[in-house]
Amino acid sequence: MDLPHELLLHIIKELDDAALCALGSTRKDLNNLVFPLFFDKHKITDPSQGWISCYRAPEHTLRAVRCSLSTKNIRNIHYYFNKGIERLVEEVEEMHAIVRRTDEVTDFKVYLVDPDDWALRDAPGLDEAQVPRLTAEEWTKLYVGLLTTSLTKGCRRVQLGGGLPFLKYLRDRDQVQSTAASVSAGGSRSLREPITGDKTSRYFNGTFHYVSPFASRGPNPQVAQSHGVKKLSANIPQDFEGKLEDFGTAPIVEDTKKRSRLRLSKWFKFFSKKKKNGITQVEATISSTMSHNFKAPPPGSDPSQVEDLSNPSSHWPNAPAPTRTRGPPVPKLESLLLHSDMLFASPTFLDWTNQLLSWCAPTLTHLELHCPETSSGIWRKFFSEVKLSSLAHFEITWGLVVGDAQIQGSDVLGFLSRHPSIQKLSLYGIQVPACLCDLPKAGKPILPNLTEIKAHPIYIRWLLRDKKQCPKLKQVVLQTEYYASMNRMFAYDALDRALEELLPRSRKLNVIGFRFTNDHHELDSWLQSHVDAGPTASILSKFVDTTNLLISSAYYVDFLSDLSRSRLELMAQFVGLFPNLEHLNFQDQPGAQYTRTHYSPPVVKALRRHSPQVKRLEINLDRIIDIAEFEQPEE
């Protein structure tokens, strides 16, 4: 291209983001020039670095990433999808195309934000009937297609979050429209079918081929007229290396800014790539949403005699053999964090989730579940059917405040009994029985490889009741719970009963810990009760073999700030009851990691006064402080 560099930069500065994406897709040299400027303009990491991480990204971000030549280098994806039905659907399809273009995606973390009346807020002047159409079934197919493609790209670590409020919104809208259609038709059958799980769909055996639900459907004419909506393009390129065709990149909603395309068309024509012999290169765009036509053999026939439409040699004997064949994807998934109730909210999503876990069972070592709104019936079926042979780290979380727990303890304990490979276990937010006798009686000893556990005291008591259970246990953290209901308070005497069960095993434990999640007055009362009992009556003084103590605050309970000096003194006296304690570790302390020099001196001073046996101090995984050699910094 003969244009001076300065003139080209001046032209680029006059273009909006959509035009930049189109211009960068015409030539390789323009691609290498335009998209780095785009990413720098919006402070987005260039895909050439191997990762993308975006929160509230500008509108054309994923389109620019998809069109960039460096997209194939992406290994890590961390993205928060934006609000708005049109933009969400566009971003999901763009992300699908990005994943297909990568060689391998090792880390994939995506999150769907809550809807907050997306449609009506983002489409001013439109009533509910004019909002762009998207059924719950279409959304399920769209999102499942993205997730399946991503997971079969060699993913090792995956985190999926959000989506349930949006699915509920689509369901409610489907129901309203179905009811209206039924009334207008005189009570006839609903025009919209509910989501039903298609048990014949297999996602992870190499036969699943995603087809976009929008590939052959036109836009809502009312919305298109008043809001600039146009049909999604199915021509999203898969292989962009060495071929820079002018492929379609049409968004669902066109830019509201009306910019003339006449002058741009001249530039596109001028910049169109030519072969060396002067012949224009033929466009050969590959759609990320097009179906693959593989002809299945009829029943009773010889598969070897059936014409294979995917094999060129069946039509042309002299055609070269295909370079590769499609086979079942090999699972590499090691860590799966499911923070989305949506994946359990419909038969289709639930069937996909079960197939995913069955497919990756040989490799999955870490599973975390944070789905507080999923019903107990689904959890019972889920825990009774899932079998993960390599699972080593299992967590159930809720967040900080626990509402109505849907997961029953008996279901979890049954799941644990079938997974002897578990080494680390964390349980928070599951149903807590009123009495230990309400839990099922243990048959054979379980969890022979468990080394670390963090759970409600009653479940730790259940596990420690049989001396043959958990013979390799090295770390125990007693966890309190913060309940949403003001009428339900955590019973701190449960900690004392768990300590009694824990005492016989304390000689073999490396770490004993407490995780405090609520900041109510009852916490101070429990700490004070042990201080008042003193070394002669408190059970803490019997833990003579405990040398390492962990105090976690869930980034909520304050022990170290200036406003909590009295509680710090109380905690130092509490710690002093462990007669041979050497190492004290404060974890998840709110704000302490940012002002270490400010927090450390008061803690060291309190420990010297009330816990002289403590030799080392650690705050929020920072450097270990030698208390004997610590000197208070000058003001």
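The following paragraphs walk through the aromatic rings of this predicted model and the charges placed over some of them.

Counting rings of Phe, Tyr and Trp whose centres lie within 6.5 Å of each other, one arrives at 30 aromatic pairs. One of these joins Tyr 80 and Tyr 111, whose ring centres are 5.3 Å apart and whose planes meet at 45°, so the pair is classed as tilted. Because Tyr 80 belongs to strand E2 (residues 76-81) and Tyr 111 to strand E3 (residues 107-112), this contact ties together parts of the chain that are 31 residues apart in sequence. Both partners can also be described by their exposure: Tyr 80 has a relative accessibility of 28% and counts as partly exposed, and Tyr 111, with a relative accessible area of 33%, is partly exposed as well.

A second pair, formed by Phe 490 and Tyr 492, has ring centres 5.1 Å apart and planes at 85°, and it is therefore edge-to-face, since planes over 60 degrees apart fall in that class. Here Phe 490 and Tyr 492 are both buried, which means that each has under 20% relative accessible area. Phe 490 and Tyr 492 also take part in one aromatic cluster, together with Phe 514, Phe 516, Trp 526, Phe 543, Phe 559, Phe 574 and Phe 578.

Aromatic rings in this model are also met by charged side chains. The charged end of Arg 488 is placed over the ring of Tyr 483, at 3.7 Å from the centre of that ring, while Arg 515 lies over the face of Tyr 428, with 5.7 Å to the ring centre.

Note on methods. Residues are numbered from 1 along each chain as its sequence is written. This is a predicted model: local features need pLDDT of at least 70, side-chain atom pairs count only at pLDDT 80 or more; totals for chains, interfaces and linings use all residues. Side-chain values use heavy atoms; hydrogens and water are left out. Rings of Phe, Tyr and Trp (its six-membered ring) pair if their centres lie within 6.5 Å; planes under 30 degrees apart count as stacked, over 60 as edge-to-face and the rest as tilted. Helices (H or I, at least four residues) and strands (E, at least two) are DSSP runs, numbered from the N terminus. Buried means under 20% relative accessible area, exposed over 50%, partly exposed in between (1.4 Å probe, protein chains only). A charge sits over a ring if NZ of Lys or CZ of Arg is within 6 Å of the ring centre and within 35 degrees of the ring normal.
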